[in-house]
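I am opening a fresh notebook page to record what I looked up. My plan is to begin with one strand and follow its neighbours outward.

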Amino acid sequence: MAGAAVQSAAPSATAAAAAALRSADYLLFSCGAGMSADASLPLFASRRSYDRLASPDTLARDPAAFYGFWLEAREQYLAAAPHAGYAAVCRWLRRQQGRRHASAFCLTSNVDGLLLRAGWPDGLVAQVHGSAVGEWQCGGELNLAPPHFPLSTRRRCGAPLFAPALRGCAVERRTGRAVAAEAGWPRCEACGGIARPNVYLFGDGEMFQEEERVTRRAAYREWVEGVTADLRAHPELRLVVVEVGCGLRVPSVRKRGEELCAAVPPGQACLVRINPEHGHSSMVYKPDIVISTGALDALLAIEQLLEVEEDDV
Ligand SMILES: [Zn+2]
């Protein structure tokens, strides 16, 4: 869409977003930490020690702190209920599917699994940073002796993801540190290396195991190719990207949505950005509509307008 972005939580921005969704042939829903914040989950970015704890370095230096953090996060995520905004976007998906085959996809940097639990089919969700509630991966052999350099003495073995053997591992509530089972910290079943969540950690690089059934990298690429080809061939088709709660600190999801909008012919894409703080900042494509509120309020306001229209039909 050409012209200046429609801004803020003003009714006009919400109405513009609803109108864009009504005419969408393709929908990319992308979300980051701000989507989960309304589910009462702590924002990783607001935890001062997150960078330190969520790193392979801490796994080698202080496994009790590392496992304590991830076991607690896993527990919190599994106990959290997806808020009503998740149900709203699942309805968007169903409407979208009623219009066109393979018309929607979701990209998320969240590792909480909430969108899948809310009902978005897992074949259509790319969890680009992995999942903290699913299976674990091999971490190879880490150098446990100070000064822990090099950090790793053997690479991960490449075994498929596996259910973590957590029996006997507990978290001390007071300290947030884990206590190892009698047999020690969790291990990879295949090679005996250290086991860890399949989450993209700070400083992870190739230590993170990309598994298609979690990250859906190939599926997303294929979807993007199909959508761009369709839009180029049919100027009347429209793509809407709704991006919710993606910060600037790790902007991978934000960037991919913008790249997709920039790759399709001008006028056929509409980027709706829902973000209370960083709505206007852009890399390769400026948002067409900016809603400067939290995820839940914005999603429900848009959904209300879409439902009113359905009732009128
Ligand atoms: Zn292994």
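Which residue is the bridge partner of Ile 274 in β12? I looked it up in the model, which is a predicted one, and found that Ile 291 is that partner. The two strands, β11 and β12 (residues 289-291), pair in the parallel sense, and I noted three bridges for them.

I then turned to β10, which pairs with β11 over six bridges, again in the parallel sense, and I saw that Leu 239 has Ala 269 of β11 as its bridge partner. Between these two strands the chain passes through α10, and I recorded this β-α-β crossover as right-handed.

Next I checked how well β11 is covered, and six of its six residues turned out to be buried. One side carries Ala 269, Leu 271 and Arg 273, while the other carries Cys 270, Val 272 and Ile 274. I reminded myself that in a regular strand the side chains alternate between the two faces of the sheet.

For α10 (residues 252-263) I compared two lengths: at 1.5 Å a residue its 12 residues should span 16 Å, and the end C-alpha atoms are 16 Å apart, so the two agree. Its buried residues include Val 253, Leu 260 and Cys 261, and among the elements covering the buried residues of α10 are β10 and β11.

Finally I looked at the largest nonpolar core, of 57 residues, where Val 240, Val 241 and Val 272 touch the most other members. Helix α11 (residues 295-312) gives the most to this core, with six residues.

Technical notes:
Residues are numbered from 1 along each chain as its sequence is written. This is a predicted model: local features need pLDDT of at least 70, side-chain atom pairs count only at pLDDT 80 or more; totals for chains, interfaces and linings use all residues. A nonpolar core is a set of buried Ala, Val, Leu, Ile, Met, Phe, Trp, Tyr and Cys residues joined through C-beta atoms within 7 Å. A residue is buried if 20 or more other C-beta atoms lie within 10 Å of its own, exposed if 12 or fewer, and partly exposed in between; C-beta atoms are placed from the backbone. Helices (H or I, at least four residues) and strands (E, at least two) are DSSP runs, numbered from the N terminus. The expected span of a helix is 1.5 Å times one less than its number of residues. Two residues are in contact if their C-beta atoms, placed from the backbone, lie within 7 Å. Two strands pair if DSSP finds at least two bridges between them. A crossover is right-handed if, with the strands pointing away from the viewer, the path from the first strand over the helix to the second runs clockwise.
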